[in-house]
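Colleague: Could you take a close look at the salt bridges in this one for me? I'd like to hear who pairs with whom, and what sits around them.

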Amino acid sequence: MKTAIVSGQTTRIFKDVLMPTVYTVASHGIPITVIGLFHEQKAIGALAGFVEEGNSFTIASLFVIPKFRRMGGGTMLVKSLIKVLEKEQVPLAFLSFLEGDWEWQTFDPFMKSLGFSESHEFERLFTAKLTDLYDYFNEPTDEVHIAGLTGLSGKDLASFFDHTAHLSVAMKGSDLASFKMNQNLSFSAITKKEIMGYLLCGQVSGNKDAFFIIFSYQADRKILENIFKKFISICKENYKQGDVSVYIPAPDMRLDDLIGNLTKVRNIQHNYVL
């Protein structure tokens with residue numbers, strides 16, 4: 001096996017070992033670093049990523065064909081990247097891993113053996129079964145008025161988002177880019193006629209049997225808790241049983257005490273820093 005920097009037309013032979021979105025970016029000539037892994041002139045793996053703000057390298061795709069795993073190919077890819085970063089004087093490498101992309105029991109020790117450490121300072125993705133959350137949350141307090149977004153017209157919704165533009169919402173990544181809001185399960189918190197935060201519930205393409213819940217960034221924990229209690233109370237009325245999964249992107253530490261420490265909630269996004 002050997003590794004090499006890949007560019008131009010050569011990128012095509014790595015289509016099957018790069019994430020689709022990453023391959024599209026690379027094949028259209030958009031600046032991205034691709035390191036290929038070869039065996040007898042055949043592409044058997046690849047690492048791809050890009051430099052953000054000049055001081056960190058985000059690994060967007062890392063894959064080795066299962067047949068060739070546990071043979072040192074993944075290590076070769078990462079070590080090749082380290083050499084590139086040293087040459088370009090980029091001090092930090094970052095990788096975000098979603099369980100299901102690789103076997104977690106294999107991937108975690110692999111990353112740590114290469115000098116990466118897991119960090120909790122970056123966005124995570126919590127998940128649970130909806131019905132497992134019912135016992136943890138009661139009705140919201142009266143201190144904050146929780147208003148639903150049901151029945152708002154497109155114009156009203158546009159106005160709502162204009163007023164809440166400072167409460168930015170995480171819409172990063174290929175999954176959340178296809179997010180479609182369910183107005184019946186989305187709510188805003190209002191105090192003294194001012195919108196303090198909101199919860200948007202919806203679905204994404206490719207996973208229509210699950211709810212994605214997106215919280216406004218700047219709302220404090222108490223606001224988030226009251227909005228979430230309202231969401232749960234409505235769900236209790238309409239989803240008494242079933243297998244609906246809930247996914248909640250957590251851009252910072254505010255959600256840890258709210259849901260992150262609950263027994264049946266787990267984080268499936270692991271972030272590694274070198």
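**Salt bridges up close**

Modeller: Let's start with Glu225, which makes a salt bridge to Lys229, with 3.5 Å between the closest N and O atoms. Keep in mind that this is a predicted model. Both Glu225 and Lys229 belong to helix H6 and sit 4 residues apart, about one turn of the helix. Glu225 has a second partner too: its side chain meets that of Arg221 in a salt bridge, at 2.8 Å from N to O. Again the two residues are both in helix H6, with a spacing of 4 residues, or about one turn. Put together, Arg221, Glu225 and Lys229 form a linked network of salt bridges.

How open are these side chains? Glu225 has a relative accessible area of 21%, so it counts as partly exposed, the cut-off for buried being under 20%. Arg221 is partly exposed as well, at 30%. Lys229, on the other hand, comes out at 15%, which means it is buried.

Helix H6 (221-238) has another side to its story, as it is one of the elements that give two or more residues to the largest nonpolar core. That core has 34 residues, and Phe228 and Phe231 are among those with the most contacts inside it, along with others including Leu130, Phe215 and Ile248. H6 is the top contributor here, giving 8 residues. Strands E7 (124-129) and E12 (207-215) and helix H7 (254-260) are also among the elements that supply two or more. Apart from this core there is another one, made of 23 residues, and Val78, Ala93, Phe116 and Tyr272 are among them.

Back to the charges: the structure holds 3 salt bridges, and one of them joins the side chains of Lys264 and Asp132, 3.8 Å from N to O. Lys264 is in the loop between H7 and strand E14 (266-267), while Asp132 is in the loop between E7 and strand E8 (145-148), so this pair ties together parts that lie 132 residues apart in sequence. As for the surroundings, Lys264 is exposed, with a relative accessible area of 52%, whereas Asp132 is partly exposed at 24%.

So there you have both kinds of pairing: Glu225 with Arg221 within helix H6, Glu225 with Lys229 within that helix too, and Lys264 with Asp132 from loop to loop.

Technical notes
Residues are numbered from 1 along each chain as its sequence is written. This is a predicted model: local features need pLDDT of at least 70, side-chain atom pairs count only at pLDDT 80 or more; totals for chains, interfaces and linings use all residues. Side-chain values use heavy atoms; hydrogens and water are left out. A nonpolar core is a set of buried Ala, Val, Leu, Ile, Met, Phe, Trp, Tyr and Cys residues joined through side-chain atoms within 4.5 Å. Buried means under 20% relative accessible area, exposed over 50%, partly exposed in between (1.4 Å probe, protein chains only). A salt bridge is a side-chain nitrogen of Lys or Arg within 4 Å of a carboxyl oxygen of Asp or Glu.
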